[in-house]
Structures are given as C-alpha cells and as structure tokens.
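Reader: I am in my first year and should be grateful for a close look at a single part of this structure. Please explain the terms as they arise.

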2 protein chains.
Amino acid sequence: MITREECMVLDASDELAALRHEFTLDEHEIYLDGNSLGPLSKSVRLRVNEVLDDEWGRGLVRSWNDAGWMAAPTRLGDRIAPLIGARPGEVLVADTLTFLLAKLVGAALAQRPERHVVLTDVANFHSDIYIIRAVCARAGRPITVKTIDRNTLDSELNDDVALVELTQVDYRTGESLDMKGITAKVHDAGALMLWDFAHSAGAVPLDVTDADVDFAAGCTYKYLNSGPGGPGFLYIRESWQGILENPLPGWLGHARPFDFELDYQPAEGVQAFVTSSPSMIALAALDGALDVWDHVTMQQVRAKSLALTDLFIALVEERMPGLFDVVTPREHERRGSQVALRHSEGYGIIQALIDRGVVGDFRAPDICRFGFTPLYLRYVDVYDAVDRIAQVMASESFRDAKFAVRHAVT
Amino acid sequence: MITREECMVLDASDELAALRHEFTLDEHEIYLDGNSLGPLSKSVRLRVNEVLDDEWGRGLVRSWNDAGWMAAPTRLGDRIAPLIGARPGEVLVADTLTFLLAKLVGAALAQRPERHVVLTDVANFHSDIYIIRAVCARAGRPITVKTIDRNTLDSELNDDVALVELTQVDYRTGESLDMKGITAKVHDAGALMLWDFAHSAGAVPLDVTDADVDFAAGCTYKYLNSGPGGPGFLYIRESWQGILENPLPGWLGHARPFDFELDYQPAEGVQAFVTSSPSMIALAALDGALDVWDHVTMQQVRAKSLALTDLFIALVEERMPGLFDVVTPREHERRGSQVALRHSEGYGIIQALIDRGVVGDFRAPDICRFGFTPLYLRYVDVYDAVDRIAQVMASESFRDAKFAVRHAVT
C-alpha cells in the first residue's frame, strides 16, 4: 500500500516544488482541472497591472511602438516556441484556437488544389470538426470531410487526401498520439498535417521540428495558465512561410500596415497570419503566465507529470479495485497529462468531489477527467485526492451504484 | 477672438465635467487620440482585478457558470446595445472587428445567392477591404468586390448587388454618413447593408432600429475605451436571427455546447455568432469601461462633441487662417467626433505636437487627425491644444513650410 508519508518524501525531493508558490491556490482545495483552465499566478497579476497602468494608462497610443505592442504576437510566439520544439519566428500568438484552425485549414487546402478529402478524428473536440467542415464548405471546390476512427488512418490515406487534422492529446481519454509517426505517414501520402495542441502545449514534450510538422495550433488557457479565453497560438514551419496564404487577412498582417494600401501584401514570415491585434491585456496575462517556464524544462515537467499520473492510477486501483475503468493509456508514450476514469455515475461523482474540495470535470457521457499540472501539484495532493474519491465512492450516494465498465477508447 | 476664459466658463457649466475624474490622464498632456485608443479608467482597473483575483483566482473553472462567463458576450452586448439604438439580444461582444466582418459578409452573401456584387468604399479602412475580398473569394460563386467612391453609390446599386459595406464615420476625414438614407437606398435595390461602427460607437448617436440596418460591427477600444486590442461587437437585427448562418462556427455558438455533438446546431439568437470564448480579462476591461455610460446619454455626448469640434475648427481658423485645409465637414449632421486637418507637412507637425504634449495622429499621406471624446476632454483643453498647434506652426521647422491645400475629400 502506498502511504501519504511516501508521497511527502517525494515532494521533499521534488525539484519543481518551489514553483507552486508562484500560483494563487486555495490550500483547502486540490485543483485537478488545469487541463480545462489553469490557475492564476503572481506574475500574471503583476504583468497585467503593468500593462494597464504603465503601458496603456501612461503610454497610451504611443505604446503600440514604445512598449512593443505591434510585435507582441511574434514576441510571445517566440516564448512558446521552445515548449513545442519550434524555432524562433515559427510561432504566433493571436485570436483563438478555432480561428487559427480556420486560417490553417483554409491555407492548407489551397496548397493541395487537386485533392478533395480532409481527414479528422471522430473523437476530436467538436469545435475542431465544426470549423473544419465550415472552411471546407467554402474551399472553392468540393471537399469531403471524413470524421474517422483515428486508428484506421492508414487505410484512409490516399492521393485524394489534402489534409489531416488531429488533436495530439485526446481531450476525453488523455491519449497522446505519435506525432512523428503519424506526420510521416501523412506526408508519405502527399497530404499535409495540422496538429491541435490544445491539451499538449505545456503538458507533453513536443518537437514539431523533428516530427516535420507542417502546421499546428493550440490554446494557452490550459497548461500554459493564461486565463479564461486566453489567446491561441499557431505554428507554421519556416519552409511554408511566404508560400502559405492567410485566408482571413487583416491590416496587421500587411507588409506595410501604416501605408494604408488598398491591396493586401502579406508581411514576411509568420506575421502574415496576424489579422488584427489581439487584446494586449489578454496577452499581458499570457506573458506573465509564461514566466514560470523560464525556470523549468519540458523534460522536468514530463517526468513529474508521468510520476503524478502513475501515482494516481496506482492509488485508484489500490484503493478502489474494479470501481472505475481507467481509460487513459498505461504506456507512458501514449499518455498526456490527464487521467480519465469512466463510470456511469461520473457526473454525480464529479459534483460530489467538488463539494469535498477536489476539482475535476465531467465529459459526457461517462468520463471523469483529472488533469495533473506538475508546476503546482504535489504528490501528497494526488494522495489526498484519491482519498476523497474513495470517501465519495463509499458514501451513501454511490455505495450501491451500478457502474458500467466498457472497453477503453484508446 | 475666442478667449481661454470663455472656454473655462463653458467647462464650469459642463454637465459631463465630473466624468473626467473617472479616467487616468496626465494633466500635462492633451489627449486628442481617443479615436485611435481611448484612455484607461478607474473602473477598468477595478473590474480587471476583480476578474483576476475573485473570478479566475478563486472561482477558477467554476466561474464559467458561477461568474457568468458563458453569458458574458451577450451580457456585454446588451450594455452596448443602447449606444447604437439596438434592442436587447441583438448585440454580441466577441473576437475582433475584422473577424466579425468576415462572419457577417460570409453570412450575408448566402442570403442573396443569385447576386454577384459587393460594394464598399475605396476610402474605407483597408482591413475592411482585405477581409471583404478574402471572404468573397471563398463564397462558392463568383463575386466582384467593387471599391467605389461612396458618393456614386446610387449609380452602382442594381439587382446584382448582394451587399453594401460602409464605415459610418470615415477614419481619415471624420465624415459621418447618412445611415438611414443609405440603408434605405440599399434596401430599395434589394441588397443588404452592413455598417462598420469603428469610429461611430460612443462617438455619434446611432439608431440601427430606426434605420432598419441589417448588420453592423464595431470595435470598443476607441470611444468605448476598452483598451488596446479590445474585443469587437456585432449587431444582427432580430428578424435575421435564426436565418443568418455563422460561417465560422464554434462550440460556444452551439445550441448545446456541453453535449459535445458531432453536428453543429446553432444556438438561438445572436449567440449563434459566438465562435469561441473571448478573453474574460479583455471583456472585464470592456465591462469596466462601459460603466461611465451608465451616467450619460449619447445625446449629451453628441452635444458636447459638436461643441468641442466647432470650437476646435473656429480656433484653428481664427489663429491660423489658411494654414490648414479642414477636411472634416462643417455641417453637424455630416461630422463624426474627430477633426482632420490636411497639411503636406502633417507627419512632422504631429511629431512636434506630441513633443509639446498634444497627442493626435497622422494618417498618410497628409492628414492630421484630432479626436474629441466628451467624456474626458474640456473646452480649455481644446483652447490649449490649438495654442500649441499655433506655436508649432510658428516654430522654425514649419514657419516657411510649403503646404499644399487640396480639395477636401468629403
């Protein structure tokens, strides 16, 4: 049996332990929902108020140049780049994930004009599927969007596939896909690869350069802790820049925005994919949130993430054998930074847990999701969370609940 | 001759005078660039920090429901609605102006499937033209975008025109267009009307209901003072809701976002035009910025705006007769809330003025723009600003400058 004392020993030797103090957390609560919305950090508060008081309040309109607001989308992109293995100049912060997907899908289709199929995952986050369909419906030629079982990708790839879009970590199951292997297969078929990093950025080590990824987009409000509705980011491999055309152009992506020219001429590099200015206050929050990453590597984060999720799974099985179906893969290379437990009473279980100070979330129809962010979670938090899950499951509400264990969706 | 004392008398009886104290302004500076970026107000600081500390910091993911984040785009839309004459449920806050134009142009084209022309103004802000062309290029049928002289609109309207998009107040000249008259003409031709309110919202009284406007979009960082890159807003007349389809759909515009359905079904009302969540921190800034409008009517603002711009024009002509070409119309009904002065040395003049604490801006090739926001500007500020312009024009740099007066673009 794993003990709470063993967890305390792990915390005592945890080289990331000090980072917890950067975040404003309720000490009575265990927050396992950073995969939905990361918490506030002190540097976010500081940086937002600096932009409010100094840059906007005092600098006013001059700050577009003097405080570097014009360059903020690419400057912040360069701060995210190392977290996904991108090079400087390949990442842009702007808009939201859905708009960035719209830009990249539209742009990618124009690069494969003789092809008529886009493949995505039937288990994808629904917003991805909606925007892919909407953009494909306006591609100027008939495009079929196929929502496939991702495990059948090999048999779906052929010379009519223009683009494949997949989310690298499944938002329900927490399964992490083989980015390099899949990208290579897609390229072998002559198609382009677009990855959604919503549940990957800041959660798992990524190397878009080594994997030869064409395009990617992600959000910053989960494991990057930029706050509710925080801006998105996109990655465009350097070799595509200057070729790929932004289908939603705006003046800030123009080569000479202040010449007010009637004809659009794209700026150089990834800047061409800026449409209009994102909120500088929202960007300030992201800027502050990224400070913590100056003190940690993705390899350190990954090692602790796997240790936390291993511990959680082990404790759940030890304390409540057979009670849940652990949907998240056991193999490390196939696991993101969350654990999904399936239970037919999942909704009620999550509500009862929140009442006891353990915040996870529910995803229909039967998934209890628990996110593990190594920047602020302790091993002892994992122990205590499982302890409270066990209390909930032993309570009158769930003691006799029927739970339907099905095959894991992996 | 108008005296500084007369201006002080006007300030003493100004019923809006107290509102100035809501803003954080440098008392040594006269800020005539609120038409580009409005200043910070105290309630913005308060509201942003409330969202940071209480709603995000303590409420965390629960605030999507508990703090009303899910409903924020329509709640804030309802705060803007009275400023443009819209009814509750017709305005939405989200994204940026350019994306909202993309949505509305795309959606409008689908409502006039047998027509092939979109008209816009050659003098329009260039971003509008770029996005209109980009959306029309992906309309699924050939669409010609004509960038016309807006004064020739009558002769361009015919039964092949699907949509007319115009900016209600010209960003360079400050001319205010006859929204009701133009909308009626466009409707007579069977076309749809989309107005850009970037320089109108909070600047001139608007009545979209009386003018029977179909669609409109605007930004909030100018006269509504929401901060750099603040969110946009859109208006969709109630009779279009449920008919008009969002061409850039996302999960938050779905009828049941948390059912995670594979097929998109639009939410009721204007909510269907939400794609993904805007930044709640950026929305908090707007929320705070709108507080000042609880204490003032657009009619009060308009009366003072006209008095300020009348005074500015009179002082410029009295102190520097013939030195500038006043491009902005003299007739009140054709004037926005800015004054544009043309001078061939405009760029240098604006730089010299900024050095002397008068902040205006320059728009190529030769326009000096001065914005007048009645919420925080005093009559004496106008007097002092013109005084400093006169000093600049009498200085060595400009004393002998040749200036080319041309015909006003009105």
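Author: What follows describes one part of the structure, the meeting of two domains. The model is predicted, so that local features need pLDDT of at least 70 and side-chain atom pairs count only at pLDDT 80 or more, while totals for chains, interfaces and linings use all residues. Residues are numbered from 1 along each chain as its sequence is written, and chains are lettered from A and ligands numbered from 1 in the order in which they are written.

In chain A, the domain assignment (automatic or from a database) gives domain 1 as 4-31 + 297-399 and domain 2 as 45-295. Between the C-alpha centres of these two domains of chain A lie 30 Å. Where they meet, 20 residues of domain 1 of chain A are in contact (C-beta atoms, placed from the backbone, within 7 Å) with 15 residues of domain 2 of chain A.

Consider now the side of domain 1 of chain A that touches domain 2 of chain A. The elements giving two or more residues to this side are α10 (298-319) and β10 (338-342) of chain A; helices (H or I, at least four residues) and strands (E, at least two) are DSSP runs, numbered from the N terminus. The largest share of this side, four residues, comes from α10(A).

By class, the residues on this side of domain 1 of chain A divide into eight nonpolar, seven polar and five charged. Here Ala, Val, Leu, Ile, Met, Phe, Trp, Tyr, Cys and Pro count as nonpolar, Asp, Glu, Lys and Arg as charged, and the others, Gly among them, as polar.

Conventions
Contact = placed C-beta atoms within 7 Å.
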